[in-house]
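Visitor: I'd like to learn how to read helices and pockets in a model. Could you walk me through one?

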Amino acid sequence: MRDGCGTITPGGAAGQPGHGTAAGSETSALTKGALIRAESIGKTFPDGLETLRDISVTIEPGEFVALLGPSGCGKTTFLRLAAGLETPSAGTLQVAKRGGKRPETGYVFQSPTLMPWASLAANIRLPLTLRGLPRKKADRAVAAALARVGLSDFADALPSRLSGGMAMRASLARALVAEPDLLLLDEPFAALDEMTRFRLGEELSALQSELGFTVLFVTHSLYEAAFLAERILVFSPRPGRILGEVLNAAPLPRLPAHRGESGFQDVVEALRRLLAEPS
Ligand SMILES: Nc1ncnc2c1ncn2[C@@H]1O[C@H](COP(=O)(O)OP(=O)(O)O)[C@@H](O)[C@H]1O
Ligand SMILES: [Mg+2]
C-alpha cells in the first residue's frame with residue numbers, strides 16, 4: 001500500500017476505498033527512496049488564480065504514474081512543478097538529487113515541437129548539443145534513440161515527412177536521448193488517432209520497462225491512464241486536489257491483451273466512480 005488517502009486496488013485485498021496512511025505519516029525509508037515528495041503543495045498564480053490545492057503525493061523511482069483529471073484542473077502545472085519550472089506557493093516539494101543535481105528530466109508535449117528545418121537526427125541531437133556533448137558521442141546516442149523508437153530509416157528526413165505518430169515517436173526519442181531518470185509526458189498522444197494512440201502507449205510501456213525511468217503521464221482519458229499506469233492519481237476540477245488514487249497491479253510492460261482483461265475493466269470502473277464523485 002502506498003501513501004495517500006483513498007487508495008483503491010480493484011480486485012485486490014490490500015486496498016479498500018478510504019484505506020491508506022494519512023499524508024505526512026510515511027516512513028523515512030520511503031522518503032529516502034522517493035524521487036518526488038509533495039507535501040500539501042498548492043499553487044496560486046500571481047493573478048490570484050488558485051490552480052492546485054493541498055496535493056500530497058510520493059513518487060518512487062521507476063514508477064509509472066498517471067495524472068487524470070478534467071481540463072484546467074492543474075495537471076500541466078503539477079508537471080511544471082515536478083520539472084522545477086514553477087515553485088509551489090504552499091507546502092513543500094522535494095525532488096531527490098543525484099550528485100547534487102536534479103534528476104535528468106525529459107519532457108514530452110502534446111505537440112511534438114520539432115524544428116521543421118532540421119533533420120530528425122539534428123532535432124534529436126539538440127538536447128545533447130546544448131549540453132556540449134562531443135559530436136561523435138552525440139551521434140551514437142541519437143542513432144540509439146532513433147532505433148529505440150523504430151525511426152532509424154528516417155534519420156535524415158525532415159519532420160514534414162513524418163506522420164503524426166512518427167513525429168510523436170521522434171519527440172519521445174528526443175526526450176530519451178539524454179537517458180532521463182524522469183519522463184514527464186503531457187497528454188502526448190491526445191492529438192493522434194485511436195489505433196496510433198494504442199500502439200504508442202504499448203511502445204512507451206515497453207521502453208519504460210526496459211529502461212526503468214520514472215513516468216508522470218498526464219491524460220484526460222481514463223482508458224489510457226488505466227492501460228499504462230501502475231498508479232493513477234485522480235484530480236478534481238480546479239483548484240486541483242487529489243480525489244484518490246487507483247492502482248493497477250497488472251505486470252509491466254502492458255501488452256495489447258491487457259485491454260481485454262477483467263483487471264483493466266475494474267480499474268476503468270474504479271476511475272469512473274472516482275471521477276463521478278461530488279468533489
Ligand atoms: N502561468 C500561469 N499564470 C496564470 N494562470 C495559469 C498559468 N499557468 C496555468 N494557469 C491556469 O491554471 C489553470 C490550470 O492550468 P493547467 O495546469 O494547464 O491545467 P490542465 O493541464 O489540467 O488543463 C488554468 O486555468 C490555466 O489558465
Ligand atoms: Mg494541460
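Guide: We'll take a helix, a helix pair and a pocket in turn. This is a predicted model, where local features need pLDDT of at least 70, side-chain atom pairs count only at pLDDT 80 or more, and totals for chains, interfaces and linings use all residues. Residues are numbered from 1 along each chain as its sequence is written, chains are lettered from A and ligands numbered from 1 in the order written, and side-chain values use heavy atoms, without hydrogens and water.

Visitor: Why is helix 2 described as largely enclosed?

Guide: Helices are DSSP runs (H or I, at least four residues), numbered from the N terminus. Buried means under 20% relative accessible area, with a 1.4 Å probe and protein chains only. In helix 2 (residues 75-82), 6 of the 8 residues are buried, so the rest of the structure largely encloses it. Among them are Phe78, Leu79 and Leu81. Just after helix 2, Gly84 has a positive phi of about 80°.

Visitor: Which residues of helix 3 meet helix 5?

Guide: Contact means heavy atoms within 4.5 Å. Leu120, Asn123, Ile124 and Pro127 of helix 3 meet Ala170, Ala173 and Arg174 of helix 5.

Visitor: And the pocket: how is empty space found?

Guide: A probe the size of a water molecule is rolled over the atoms, showing where empty space is left. Here the largest pocket has a volume of about 360 Å³. It is lined by 15 residues, and the closest to its centre are Ala141, Leu176, Val177, Ala178 and Glu179. Helix 4 (residues 135-148) gives the most to that lining, with 4 residues.

Key. Buried < 20%, exposed > 50% of the residue type's maximum accessible area, 1.4 Å probe, protein only. Helix = DSSP H or I, 4+ residues; strand = E, 2+ residues; numbered from the N terminus. 1 Å grid on protein atoms, 1.4 Å probe; cavity = no way out; pocket = protein on both sides within 12 Å on 5 of 7 lines; lining within 4 Å. Points joined across faces, edges and corners; volume = space filled by probe spheres on them.
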